[in-house]
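Reader: I'd like to go through this structure with you, one question at a time. Can we start with what holds the middle together and then move on to the rings?

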Amino acid sequence: MRVMVIVKANEQSEAGVLPDKEILTKMGAYNEQLVKAGVMLAADGLHPTSKGKRVRFSGKTQTVIDGPFMETKELIAGFWLWKVQSMNEAVEWLKRAPFDGGAEIEIRPIFEACDFGDEFTPELREQEERLRQEVLARK
């Protein structure tokens, strides 16, 4: 199964405070373990919401909202995409992460084709796979 591991934002990340060499070193070592174990598919940190935008859809109308956005506890500072055998395995990997001081990390399963049932027709599955292959070919 694939999961998204969501690193929640905090006041420091929203203020644009970057991690120091010590945490970057620890996180680099942790990420290396994930890669060597075949768990990590992708990972990135995000700039603060002050550099972002939101687009709100209401019928045929779209409204662009400039950051920063409030409610830090609802914001994301970064993420990993992992391939694991179970949610328990994901939790065990996350317990090894070099976080401290009240960090809260969320793990969410990613939908797979089989989750959509008959509505996800063979034609739609073929299209999805073709698009995945196109994206992979660009890397």
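Author: One term before we start: a nonpolar core is a set of buried Ala, Val, Leu, Ile, Met, Phe, Trp, Tyr and Cys residues joined through side-chain atoms within 4.5 Å. Keep in mind, too, that this is a predicted model.

Reader: Which strands and helices each supply at least two residues of the largest nonpolar core?

Author: That core has 16 residues, and the members touching the most others are Val 3, Val 5, Tyr 30, Leu 34, Trp 80, Trp 82 and Leu 94. The elements that each give at least two residues are strand S1 (2-8), helix H2 (21-36), strand S5 (76-83) and helix H3 (87-95).

Reader: Leaving aside neighbours within four places in sequence, what is Val 3 in contact with?

Author: Val 3 is among the core members that touch the most others. With neighbours within four places set aside, its contacts are Trp 80, Leu 81, Trp 82, Val 84, Ala 90, Ile 107, Arg 108, Pro 109 and Ile 110.

Reader: Now H3. Within what arc do its buried residues fall, seen down the axis?

Author: H3 buries Ala 90, Trp 93 and Leu 94. Looking down the helix axis, these buried residues line one face, because they fall within an arc of 100°.

Reader: And which exposed residues are on the face of H3 turned away from the buried side?

Author: The buried residues of H3 are covered by parts including S1, H2, S5 and strand S6 (105-109). The face turned away from them carries the exposed residues Asn 88 and Lys 95.

Reader: On to the rings: how far apart in sequence are the parts that the Tyr 30 and Trp 80 pair ties together?

Author: A search of the whole structure gives five aromatic pairs. In one of them, Tyr 30 and Trp 80 meet edge-to-face, 5.7 Å centre to centre with 75° between the planes. Since Tyr 30 lies in helix H2 and Trp 80 in strand S5, the parts tied together are 50 residues apart.

Reader: Is Phe 99 buried, partly exposed or exposed?

Author: Trp 80 is buried, at 4% relative accessible area. Its ring and that of Phe 99 pair edge-to-face, with centres 6.2 Å apart and planes at 80°. Buried needs under 20% and exposed over 50%; Phe 99 has a relative accessible area of 31%, so Phe 99 is partly exposed.

Reader: Last one: how far from the ring centre of Trp 93 is Arg 96?

Author: Trp 93 is one of the buried residues of H3. Arg 96 lies over the face of that Trp 93 ring, and the distance to the ring centre is 4.2 Å.

Key: Residues numbered from 1 in each chain as written. Predicted model: local features only at pLDDT ≥ 70, side-chain atom pairs only at ≥ 80, totals over all residues. Heavy atoms only, no water. Buried < 20%, exposed > 50% of the residue type's maximum accessible area, 1.4 Å probe, protein only. Helix = DSSP H or I, 4+ residues; strand = E, 2+ residues; numbered from the N terminus. Contact = heavy atoms within 4.5 Å. Arc of directions from axis to C-beta. Phe/Tyr/Trp six-rings, centres within 6.5 Å; stacked < 30°, edge-to-face > 60°. Lys NZ or Arg CZ within 6 Å of the ring centre and 35° of its normal.
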